[in-house]
Amino acid sequence: MLRGSTFGSMRDGPRILNDEHGEPHRDFSAIIGWKALSDSIANFGEDHEFTRLIIDLKGKDPDDAFSSIPYEKGFIFLYHLEKLLGKDKWDTFIPHYFTKYKQKSLDSYDFKSTLLEFFASDSTASKLLEELDWDAWFYKPGFPPKPKFDTSLVDVCYKLANQWEALSKGSGKAGFEPRKSDLDGWSANQAVVFLERVQGFDHAMKKDDVELMGETYGFAKSQNVEVVSRYFGVGLRAKDPGVYNPTAELLGKVGRMKFVRPLFKQLNAVDHDLAIKTFEKNRDFYHPICRGMVEKDLFGTK
């Protein structure tokens, strides 16, 4: 959860610096984070102990528990606390928390006791915190309650994705012709949300449609790894051979597990030999935790 507090402070930046436009941008970032949380929970299984906010690692390899869950689930809990208490009250606690624990170590229980102590003289806030189901937030596996995020910045992404979905099903060709201008004014993160929506289609796109998307929007040649990795994911699901070697090349340039592990899984599903060859070629490039995880994905547990 403490990782979530750091993540939360990063996402609070836009809100704090520009209150008028910050909230939609923070929620936009949180929506991307929810997708990362969903992927991590799906990887373990909703009932797995490693999907809890606080886990017991006694007798277990900590590397096996590594995922985005502490960051994203921790952020959701802090987001919930802010909404529960109100932004004005929450904003008085944050500087106190960071000041008190500057250059110190703490755990989730320290966070809880500090929060309760800080609001002890506020009867309304104190009552809300005492009634909060802390055990459920700390120990319940799977998904936390999903907040009602501001979707104003993602709605346009979802609309375009829906048009592509209809096109790929053969039901939208008459009314939709993809153009480069579809993405005018978009940020890279909006392209990410669009591609993640496409990845979530209940069917794989057709190879020709994937190539059309890549050429029209420049995804295939993007220098933004957040964008190109997700585009390659769309292509791999479509079994488009045109993205196989570019995916292998990308896996020799980036080492972050958030990119490496999903791409290896997807590449392995369509071209096992290329996945193994790519891993063996770059194994010393990856961090030991990342290398170990990918080894288990490709070769199974020993």
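**Notebook: helix packing and empty space**

I started at the C-terminal helices: α14 (residues 272–282) packs with α15 at about 155°, the axes 11 Å apart. This is a predicted model, so I take local features only at pLDDT of at least 70 and side-chain atom pairs only at pLDDT 80 or more, while totals for chains, interfaces and linings use all residues. Residues are numbered from 1 along each chain as its sequence is written, and side-chain values use heavy atoms, with hydrogens and water left out.

My conventions: helices (H or I, at least four residues) and strands (E, at least two) are DSSP runs numbered from the N terminus. Axes are lines fitted to C-alpha atoms, for helices over the stretch in contact, and angles run from 0 to 180 degrees between N-to-C directions.

**α14 and α15**

α14 and α15 are therefore roughly antiparallel (angles over 145 degrees; under 35 is roughly parallel, 65 to 115 roughly perpendicular, the rest oblique). Their crossing is left-handed (the near helix is turned anticlockwise from the far one by less than a right angle; clockwise is right-handed). I listed the contacts (heavy atoms within 4.5 Å): His 272, Ala 275, Ile 276, Phe 279 and Glu 280 of α14 meet Arg 291, Val 294, Glu 295, Leu 298 and Phe 299 of α15. By class I get 6 nonpolar, 1 polar and 3 charged residues here. For the classes, Ala, Val, Leu, Ile, Met, Phe, Trp, Tyr, Cys and Pro are nonpolar, Asp, Glu, Lys and Arg are charged, and the others, Gly among them, are polar.

**α8 and α9**

Next I looked at α8 (residues 155–168), which packs with α9 at an angle of about 40°, axes 9 Å apart. α8 and α9 are therefore oblique to each other, and their crossing is right-handed. From α8 the contact takes Val 156, Cys 157, Tyr 158, Leu 160, Ala 161 and Trp 164; from α9, Gln 190, Val 193, Phe 194, Arg 197 and Val 198. I noted 9 nonpolar, 1 polar and 1 charged residues in this contact.

**α4 and α5**

The axes of α4 (residues 87–100) and α5 (residues 108–118) come within 11 Å and cross at roughly 130°. That pair is therefore oblique, and α4 passes α5 in a right-handed crossing. Among the contact residues I marked Trp 90, Phe 93 and Tyr 97 of α4, and Phe 111, Leu 115 and Phe 118 of α5. The contact divides into 6 nonpolar, 3 polar and 2 charged residues.

**Pocket and cavity**

I then turned to empty space, on a 1 Å grid over the protein atoms alone: a cavity is a set of points where a 1.4 Å probe fits but cannot get out, a pocket is an open set with protein on both sides within 12 Å along at least five of seven lines, and lining residues have an atom within 4 Å of a point. Points are joined across faces, edges and corners, and a volume is the space filled by probe spheres set on the points.

The largest pocket holds about 1500 Å³. Of its 45 lining residues, Ala 36, Asp 39, Ser 68, Arg 230 and Lys 258 are the closest to the centre. Which element gives the most to the lining? α2 does, with 13 residues. The pocket lining has 17 nonpolar, 15 polar and 13 charged residues.

I found 1 cavity of 30 Å³ or more, with a space of about 40 Å³. Val 198, Gln 199, Phe 201, His 203, Ala 204, Met 205, Val 234 and Arg 237 line this cavity, and α9 and α11 are the elements giving two or more residues. The cavity lining divides into 5 nonpolar, 2 polar and 1 charged.
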